[in-house]
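Colleague: Could you take me through one part of this model in detail? I'd love a close look at the strand pairing, and at any helix packing you can add.

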Amino acid sequence: MQELSMNLLDIAQNSVAAGSTLTQITIAIDTAAKRLTLTIADNGKGMDEETVRRVTDPFYTTRTTRKVGLGLPLFQEAARATGGELTIRSAVGKGTTVEAFFTLGHIDLAPLGDLSGTIAGLVQCNPELDFVYRVISDGETFCMDTRQLRQMLDGVSLATPQVAIFLREYLEEHTENLLKRSTQI
Ligand SMILES: Nc1ncnc2c1ncn2[C@@H]1O[C@H](COP(=O)(O)OP(=O)(O)OP(=O)(O)O)[C@@H](O)[C@H]1O
Ligand SMILES: [Mg+2]
């Protein structure tokens, strides 16, 4: 079973590849509703309706030369395995929002994995791009915005290893308890 942080990384990389300059990643946990929602919203080039339909079906394109991607189908499969679903909203020239919801407490729910490390790595590898990372857990919210981080760093690049290490620890410290609720069901 692949950790959800790995799925998330793949989907966020799609956003980067699509030219997104601001990618917003949100993890929402609602223990009463037994629901975990992962949302990746970007302002990249977007997809037309036909492409949106095609990208969640790895077999749809077998008679073309287009490379068959696995990121979205795997994310969809991970959600469906828990009774959840994946939805894609996209508009050409505006951006794409990929949202997957999962059932908390389901035996087939994959572990979250190292979300803090994944986000810190994403920021370090794309120091010119902006990311917002939000964790909303039963109404309590944590938010990290690289636009604010950039100001605080006063010219020091987000690619600096020490910054990445700091960011990972900072995220871990502030989200650990919020994320823990997803396994306490
Ligand atoms: N955020 C996005 N914005 C625009 N196009 C996207 C976005 N996400 C996915 N796509 C399109 O959907 C295709 C399929 O994405 P998917 O992640 O499933 O596979 P891939 O990225 O092509 O390959 P893989 O993830 O297996 O390396 C992408 O190649 C791209 O054309
Ligand atoms: Mg991909």
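Modeller: Happy to! Strands β1 and β2 make a hairpin, with 4 residues lying between the two strands. Within that turn, Lys34 has a positive phi of about 55 degrees. Do keep in mind that this is a predicted model. The hairpin strands, β1 with residues 22-30 and β2 with residues 35-42, are antiparallel and are joined by 8 bridges. One facing pair is Asp30, which sits across from Arg35 in β2.

Strand β1 has another partner too: β5, made of residues 130-137, runs parallel to β1 and is linked to it through 8 bridges. Here Ala28 is the residue opposite Ile136 in β5. So that the strands don't get all your attention, let's turn to the helices.

In general, a pair of packed helices is described by the distance between the two axes and the angle between them. For helix α1 (residues 4-17) and helix α4 (residues 115-125), the axes approach within 9 Å and cross at roughly 20 degrees. Because angles under 35 degrees count as roughly parallel, α1 is roughly parallel to α4. The handedness of this α1/α4 crossing is right-handed.

As for the residues involved, α1 contributes Ser5, Leu8, Leu9 and Ala12, and these meet Leu115, Thr118 and Leu122 of α4. Sorted by class, the contact between α1 and α4 comprises 5 nonpolar and 2 polar residues, with no charged ones.

Note on methods: Residues numbered from 1 in each chain as written. Chains lettered and ligands numbered in written order. Predicted model: local features only at pLDDT ≥ 70, side-chain atom pairs only at ≥ 80, totals over all residues. Axes fitted to C-alpha atoms, helices over the stretch in contact; angles between N-to-C directions. Parallel < 35°, antiparallel > 145°, perpendicular 65-115°, else oblique. Left-handed = near helix turned anticlockwise from the far one by under 90°. Contact = placed C-beta atoms within 7 Å. Nonpolar A, V, L, I, M, F, W, Y, C, P; charged D, E, K, R; others polar. Pairing = 2+ DSSP bridges.
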